[in-house]
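This briefing introduces the structure shown below, starting with a sheet and a helix and going on to enclosed spaces.

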Amino acid sequence: MTTIPEGLPSRDLFPERVYTLPELRYPERLNVGRELLDANAEGGRAGRPAVFAGEQVLTYGELQKKVNRLGNGLRALGLERGARVLLRMPNVPEFIITWLACQKLGIITVGTMPMLRSRELAYIVNDAETTAAVVWGGIREELEKAQREAPSLKRLIVAGETKPGDVGLHDLLDGQPERLAAEDTGANDVAMIAYTSGSTGIPKGCVHFHNDILASADSYARYVLTPSEEDRFGGHPTLAFTFGTGGLMVFPFRFGAAPVLMGPFQPEAMLETIQRSRLSVCFCAPTSYRLMLRVPEMERRYDLRSLRLSVSAAEPLPAATYEEWVKRTGIELLDGIGSTEMFHIFISSLPRRVRPGATGVPVPGYDCRVVDEEGQEVPTGTAGLVAMKGPTGCKYWRKPERQAEYVRFGGWNVTGDVYIKDPDGYFSYQCRSDDMIVSGGYKIPGPEVERVLDEHPAVAESAVVATPDATRGSVVKAYVVLKAGRTASEALAAELQEHIKRELAPYKYPRRIEFVEGLPRTETGKIRRVELRRQEAERARGQGP
Ligand code: 3UK
């Protein structure tokens with residue numbers, strides 16, 4: 001019998017984790033850092049490439065030395081097993097080095113999206129009680145601001161550009177020994193906490209154990225992507241988002257392959273990287289595939305023949321985007337739905353068995369069904385909540401009340417997505433069952449944007465919903481009621497947009513704003529967002545006012 005670590009839900013709220021594939025039988029003692037790094041460096045791959053970034057290539061041997069030296073440096077600072085360390089970095093090798101060093105030491109990594117603002121960061125620091133952070137020099141400011149409201153964060157280690165007086169990541173490595181034995185962690189010890197703001201805007205930390213992280217590689221990646229050490233994995237999800245943690249770090253390392261790190265998404269830059277770095281597996285949100293397809297003559301201007309698979313996740317992939325990509329590039333595009341709670345993809349299209357418009361079938365190792373509100377399976381062809389069980393599952397950090405919403409019906413995970421299963425076993429996404437807005441793969445909680453809009457002195461109240469958009473799938477739309485004496489104008493709309501970009505991660509800002517006299521409400525006074533969503537959908541179809 002294993003004990004449940006501190007910060008985790010009680011046993012009755014735990015997801016049922018099932019290990020049906022032979023590769024998922026992990027030993028009781030397991031360290032994900034050892035499995036992903038030392039197993040390669042000491043298993044005959046020391047000279048093989050491990051990380052590509054611009055002109056830089058690190059072999060597994062070189063990567064291991066850096067990781068070990070940093071691990072020894074972190075230990076010298078007094079950071080030990082069980083400590084929580086926040087990571088705030090773009091997709092640079094330093095992110096990977098820090099993540100692996102922490103894993104080898106049994107330190108819990110808390111990755112954060114580079115776009116987060118100070119109030120969002122302060123919440124995470126306080127909730128996870130992170131005592132140290134490794135921050136990229138260029139994006140340190142918001143974290144330094146957050147420190148004022150988050151006293152547990154005592155120590156910043158600065159990577160990239162440093163200032164006098166900083167503890168620099170590279171100084172920490174200096175003079176440290178190149179050997180470091182991985183801690184003897186348990187398979188069910190906490191390895192990382194990934195934050196998601198979900199539908200309400202109160203962020204939730206999703207805990208993943210050492211075995212969860214490997215399980216995603218040994219189910220989804222192993223069976224759907226069938227990787228080899230020759231593969232080069234690339235794409236734009238940030239390493240802190242589990243879509244990127246898996247696709248650009250865990251999956252390549254599990255199979256002795258290498259990630260290709262690149263800057264923020266730009267369609268031409270992405271196409272050029274595919275060609276120059278000979279990517280073989282590419283991870284992007286559908287919006288990015290649509291933007292690449294807009295580059296004139298993209299399939300003739302860029303040599304994309306190295307790509308054997310492209311993966312689309314984080315938002316629904318319409319049949320039209322799938323068909324245009326496959327027709328013009330000749331490369332297979334696999335849709336997959338994943339979540340921060342489940343770590344990675346649990347329903348996916350399979351190569352040569354794609355049904356355009358459907359997400360796909362349960363990933364080997366996962367059992368998925370469509371259920372009603374009581375957890376009863378609904379007949380095929382009927383819409384309901386998608387529920388899943390597999391080797392990974394939702395474990396919220398210190399949020400027992402939210403845990404009960406995600407893990408239901410005796411251990412099934414429920415993401416809040418409405419699906420239809422057809423008689424052939426294909427699952428098709430329909431919509432979200434809550435107020436989460438999905439735009440260009442980003443998740444934006446409507447209520448959070450409302451709360452911050454309402455802080456503006458001109459705003460009496462607001463309602464924020466998704467509205468259909470040809471490029472981004474959906475965009476954020478705010479209905480705003482102004483305070484008496486304030487007049488609607490384009491300048492005020494722009495000011496409200498700036499206010500959101502300043503206070504929250506900029507991708508959350510409402511691209512559309514409509515000033516209205518009042519908001520539709522229920523008899524009990526709740527805003528009827530569902531009404532506004534319907535209005536937006538009707539207008540998009542050209543039927544509305
Ligand atoms: C939505 C999709 C339709 C869906 C993620 C791959 O997106 C990821 O994690 P998040 O926690 O959001 C989860 C929610 O996003 N979604 C994701 N993929 C699809 N909807 N079709 C899809 N293919 O609402 C889901 O509940 O940000 C994706 C791998 C790891 C991830 N964390």
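**Helix and sheet**

Helix α14 (residues 446-454) lies across β24 and β25 and runs at about 145 degrees to β24, where contact means heavy atoms within 4.5 Å, and angles run from 0 to 180 degrees between the N-to-C directions of axes fitted to C-alpha atoms, for helices over the stretch in contact. Helices (H or I, at least four residues) and strands (E, at least two) are DSSP runs numbered from the N terminus. The model is predicted, so that local features need pLDDT of at least 70, side-chain atom pairs count only at pLDDT 80 or more, and totals for chains, interfaces and linings use all residues. Residues are numbered from 1 along each chain as its sequence is written, and side-chain values use heavy atoms, without hydrogens and water.

**The sheet**

- Three strands form an open sheet of mixed pairing in the order β24-β25-β26, two strands being paired if DSSP finds at least two bridges between them.
- Because β24 (459-469) and β26 (512-515) stand at the edges with a single partner strand each, one side of each is left without a neighbour in the sheet.
- From one strand to the next, the twist averages 25 degrees.
- Strand β25 (residues 473-482) pairs with β26 in the parallel sense over four bridges, and Y479 stands opposite E514 in β26.

**The largest cavity**

- The largest cavity, a set of points on a 1 Å grid over the protein atoms alone where a 1.4 Å probe fits but cannot get out, holds about 70 Å³ of space, a volume being the space filled by probe spheres set on points joined across faces, edges and corners.
- Of the 13 residues that line this cavity, F95, W99, T109, G111 and M192 are the closest to its centre, lining residues having an atom within 4 Å of a point.
- Domain 1 (31-185) and domain 2 (232-432), with bounds from an automatic or database domain assignment, both give residues to the lining of the largest cavity, so this cavity lies between them.

How values were computed. 1 Å grid on protein atoms, 1.4 Å probe; cavity = no way out; pocket = protein on both sides within 12 Å on 5 of 7 lines; lining within 4 Å.
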